[in-house]
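Please open the model in your viewer and set it to cartoon, with side chains ready to switch on. The stops below say what to select next and what is there.

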Amino acid sequence: MKWILPVILLLLILLFGFRSSLFVKNSSYKLSTEQREKLAIGAEAIKSMDVPVASIVLYNDSILGVGYNTVSKDLNIAGHAEINALSDVLRKIGLAKFRSIKDSIVLITTYEPCQMCKGAILEYEIRNVVFLRKKSLWHWIKSDWKDFRYELRKQQAKEDGQLQDSLFRLYPNYKP
């Protein structure tokens, strides 16, 4: 039992260490003038009192998608720059084409992605992400604390999951 506290402390140190600059790979990526101009679209967010963040999606150094924060403007909680830029790409080229090139695209954003955007990046397996400004360690400590509280409070209904299973079976691409 004496080892539990040191192990927990070590895990916390490792967890916060991943948020440190030791684990941020410095990119040698240089923005072109056109890319800088597209990222300046983040100023559009200020008009609707949204956080001024912008993102672009590149494929072979060509801009495929552009997005900026539109949460207040569109009253859409998913209206973050990264998600808007990825959605712009999907509308232009379709999901099948997107999946076929996802390993070669680069998502560039003016601010380090939040947990929600990071979730979308992980879900759609975007491997190349470049951000211009890093979030503070304090931001990530608060974020991890919120994540921990969520894990403590989440609940599973007593329903056995048959409804979800029947919905999955209706989906043609479902693979259990």
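Select Asp 103 and show its side chain; at 41% relative accessibility, Asp 103 counts as partly exposed. The model is a predicted one, and every distance and area in this tour is computed from it. Now add Arg 127, whose side chain meets that of Asp 103 in a salt bridge, with 3.0 Å from N to O. The two partners come from distant parts of the chain, 24 residues apart: Arg 127 sits in the loop between α7 and β4, and Asp 103 in the loop between α6 (95-101) and β3. Arg 127 counts as exposed, with 58% relative accessibility.

Keep Asp 103 selected and add Lys 102. These two side chains also form a salt bridge, at 3.7 Å from N to O. Is Lys 102 buried or exposed? At 14% relative accessibility, Lys 102 counts as buried, because the limit for buried is under 20%.

Next, select Glu 125, in the loop between α7 and β4 (128-131). Its phi is near 55°, a positive value in a residue that is not glycine. Glu 125 is partly exposed, with a relative accessible area of 41%.

For a separate pair, go to Lys 154 and Glu 151. Their side chains meet in a salt bridge of 2.7 Å, N to O. Both residues are partly exposed: Lys 154 at 47% relative accessibility and Glu 151 at 40%. Return now to the earlier group and show Lys 102, Asp 103, Glu 125 and Arg 127 together; salt bridges with shared partners join these four into one network. In general, side chains of opposite charge can pair when their charged atoms come close. The count of salt bridges comes to six.

**The cysteines**

Select Cys 114 and Cys 117 and display the sulfur atoms. Why is there no bond between them? The sulfur of Cys 114 lies 3.7 Å from its closest cysteine sulfur, that of Cys 117, which is too far for a bond; a disulfide needs the two sulfurs within 2.5 Å. Cys 117 is likewise in no disulfide, since its nearest cysteine sulfur is that of Cys 114. A search of the whole structure finds zero disulfides. Both cysteines count as buried, Cys 114 at 16% relative accessibility and Cys 117 at 1%.

Move on to Gln 115, which is found in helix α7 (residues 115-123). Gln 115 is partly exposed, with a relative accessible area of 31%. Add Asp 147: Gln 115 and Asp 147 are 32 residues apart in sequence, and their C-alpha atoms are 9.3 Å apart in space.

**A buried strand residue**

Select Ile 105, in strand β3 (residues 105-109). Ile 105 counts as buried, at 0% relative accessibility. Then add Leu 58, which is 47 residues from Ile 105 along the chain; the two C-alpha atoms are separated by 5.4 Å.

**Surface patches**

Switch to a surface view and select Lys 142, Lys 146, Arg 149 and Arg 153. Together, these residues form a positive surface patch. Arg 153 belongs to helix α8 (residues 137-153) and counts as exposed, at 60% relative accessibility.

Which residues make the nonpolar surface patch of about 370 Å²? Select Trp 3, Ile 4, Val 7 and Ile 8 to see it. Ile 4 lies in helix α1 (residues 4-17), and its 32% relative accessibility counts as partly exposed.

**A loop residue**

Select Met 49, in the loop between α3 (44-47) and β1 (54-59). Its phi is near 65°, again a positive value in a residue other than glycine. Met 49 is exposed, with a relative accessible area of 70%.

**The whole chain**

Clear the selection and return to the cartoon. The protein has nine helices and four strands. Followed along the sequence, the pattern is α-α-α-β-β-α-α-α-β-α-β-α-α. Of its 176 residues, 29% count as buried.

Definitions and conventions. Residues are numbered from 1 along each chain as its sequence is written. This is a predicted model: local features need pLDDT of at least 70, side-chain atom pairs count only at pLDDT 80 or more; totals for chains, interfaces and linings use all residues. Side-chain values use heavy atoms; hydrogens and water are left out. Buried means under 20% relative accessible area, exposed over 50%, partly exposed in between (1.4 Å probe, protein chains only). Patches are made of residues with over 30% relative accessible area and no salt bridge: like charges are joined within 9 Å, nonpolar side chains (Val, Leu, Ile, Met, Phe, Trp, Tyr) within 5 Å. Accessible areas come from the Shrake-Rupley method with a 1.4 Å probe; for residues, only the protein chains shown count as cover. Lys and Arg count as positive and Asp and Glu as negative; His and the chain ends are not counted. The place of a charge is taken as NZ of Lys, CZ of Arg, CG of Asp or CD of Glu. Helices (H or I, at least four residues) and strands (E, at least two) are DSSP runs, numbered from the N terminus.
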